[in-house]
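This briefing covers selected structural features of the protein shown below. Please read it alongside the sequence and the coordinates.

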Amino acid sequence: MNVKEKIVELLSTLLEDDKFFIVEVQVSASKVRQKVTVLIDSDPGISIDECAEISRQLGEMLETQEVLPNAYTLEVSSPGVDYPLAMPRQFRKNIGRTLRVILKDGIEKKGQLISADEFGFVLLEEVKKKKKDQVPGELPFAYTDIAKAEVQIKF
């Protein structure tokens with residue numbers, strides 16, 4: 001088992017109640033000081049205090065089990081709104097928001113996320129202002145067809 005898999009396994013024991021979920025775990029390859037970045041989220045969002053508590057508990061587990069033999073930096077945070085959506089639970093969390101989706105073939109679509117399940121999601125396509133007679137349509141997508149999906153912030 002590699003270091004990343006071991007960290008995911010330890011995190012899974014900390015997040016057993018299913019309130020929080022792992023978005024990503026990155027372990028930088030450095031001989032001097034490795035950096036472990038853990039992105040965690042929850043359906044209502046995650047607070048700084050919750051990230052700090054998970055970081056403290058994970059840090060203790062990493063030390064006790066000597067997962068990383070050399071010095072390391074541990075960073076636990078939420079993915080933030082600029083981080084691409086990566087899993088079905090993130091899509092469900094963002095229903096009602098506007099997404100920019102780039103398909104694997106390079107086509108870009110934009111629209112309001114209206115539903116999501118384990119296999120894909122549906123956008124209500126954004127109507128371009130230049131085409132007044134255009135009617136917004138529902139666009140279904142499979143997660144396997146997506147290169148990138150980002151939440152668009154409106155001011």
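In which loop is Asp 18 found? Asp 18 is found in the loop between helix 1 and strand 1 (20-27). The model discussed here is a predicted one. The points below are grouped by topic, beginning with backbone conformation in the loops.

**Loop residues with positive phi**

- Asp 18 is not a glycine, although its phi is positive, at about 70°.
- With a relative accessible area of 51%, Asp 18 is exposed, because the cut-off for that class is over 50%.
- Glu 66, found in the loop between helix 2 and strand 3, is likewise a residue other than glycine with a positive phi, here near 50°.
- The relative accessible area of Glu 66 is 66%, and this residue is therefore classed as exposed.

**Packing of helix 1 and helix 2**

- Helix 1 comprises residues 3-14 and helix 2 comprises residues 48-64; their axes come within 10 Å and cross at roughly 130°.
- The two helices are therefore oblique to each other, because an angle of this size is neither over 145 degrees, as for roughly antiparallel axes, nor within the 65 to 115 range of roughly perpendicular ones.
- The crossing of helix 1 and helix 2 is right-handed.
- On the side of helix 1, the contact is made by Ile 7, Leu 10, Leu 11, Thr 13 and Leu 14.
- On the side of helix 2, Ile 54, Gln 57, Leu 58, Met 61 and Leu 62 make the contact.

**Lys 4 in helix 1**

- Lys 4 lies in helix 1 and is partly exposed, with a relative accessible area of 42%.
- Apart from residues up to four places away in sequence, Lys 4 touches Val 25 and Val 27.
- Lys 4 and Glu 125 are 121 residues apart along the chain, and their C-alpha atoms are separated by 38 Å.

**The surroundings of Ile 46**

- Ile 46 is found in the loop between strand 2 and helix 2.
- Its relative accessibility is 16%, so Ile 46 counts as buried, the cut-off being under 20%.
- Not counting residues up to four places away in sequence, Ile 46 touches Phe 20, Ile 40, Asp 41, Cys 51, Ile 54 and Ser 78.
- Ile 46 and Ser 78 are 32 residues apart in sequence, while the C-alpha to C-alpha separation in space is 6.6 Å.

**Salt bridges**

- The whole structure contains 13 salt bridges, and the following points describe some of them.
- Lys 35 and Glu 75 form a salt bridge in which the closest N and O atoms are 3.3 Å apart.
- This pair links distant parts of the chain, with Lys 35 in strand 2 (residues 34-42) and Glu 75 in strand 3 (residues 72-77), 40 residues apart.
- Lys 35 counts as partly exposed at 36% relative accessibility, and Glu 75 is partly exposed with a relative accessible area of 33%.
- Glu 118 forms a salt bridge with Arg 92, for which the closest N and O atoms are 2.7 Å apart.
- The Glu 118 and Arg 92 pair also links distant parts of the chain: Glu 118 is in the loop between strand 5 (108-116) and strand 6 (120-125), and Arg 92 is in helix 3 (residues 88-93), 26 residues apart.
- Arg 92 has a relative accessibility of 34% and counts as partly exposed.
- A salt bridge joins Glu 125 to Lys 109, with the closest N and O atoms 3.7 Å apart.
- Because Glu 125 lies in strand 6 and Lys 109 in strand 5, this pair ties together parts that are 16 residues apart in sequence.
- Lys 109 is partly exposed, with a relative accessible area of 28%.
- Arg 100, Glu 108, Lys 148 and Glu 150 are joined into one network by salt bridges that share partners.

**The surroundings of Thr 98**

- Thr 98 is found in strand 4, which spans residues 98-103.
- At 11% relative accessibility, Thr 98 is counted as buried.
- The side chains of Thr 98 and Lys 154 are joined by a polar contact of 3.5 Å.
- Leaving aside neighbours within four places in sequence, Thr 98 is in contact with Lys 110, Gly 111, Gln 112, Glu 126, Glu 150, Val 151, Gln 152 and Lys 154.
- Glu 150, one of these contacts of Thr 98, is also a member of the salt-bridge network that includes Arg 100.

Conventions. Residues numbered from 1 in each chain as written. Predicted model: local features only at pLDDT ≥ 70, side-chain atom pairs only at ≥ 80, totals over all residues. Heavy atoms only, no water. Helix = DSSP H or I, 4+ residues; strand = E, 2+ residues; numbered from the N terminus. Buried < 20%, exposed > 50% of the residue type's maximum accessible area, 1.4 Å probe, protein only. Polar contact = N/O pair within 3.5 Å; in protein donor to acceptor, adjacent residues only side chain to side chain. Contact = heavy atoms within 4.5 Å. Salt bridge = Lys/Arg side-chain N within 4 Å of Asp/Glu carboxyl O. Axes fitted to C-alpha atoms, helices over the stretch in contact; angles between N-to-C directions. Parallel < 35°, antiparallel > 145°, perpendicular 65-115°, else oblique. Left-handed = near helix turned anticlockwise from the far one by under 90°.
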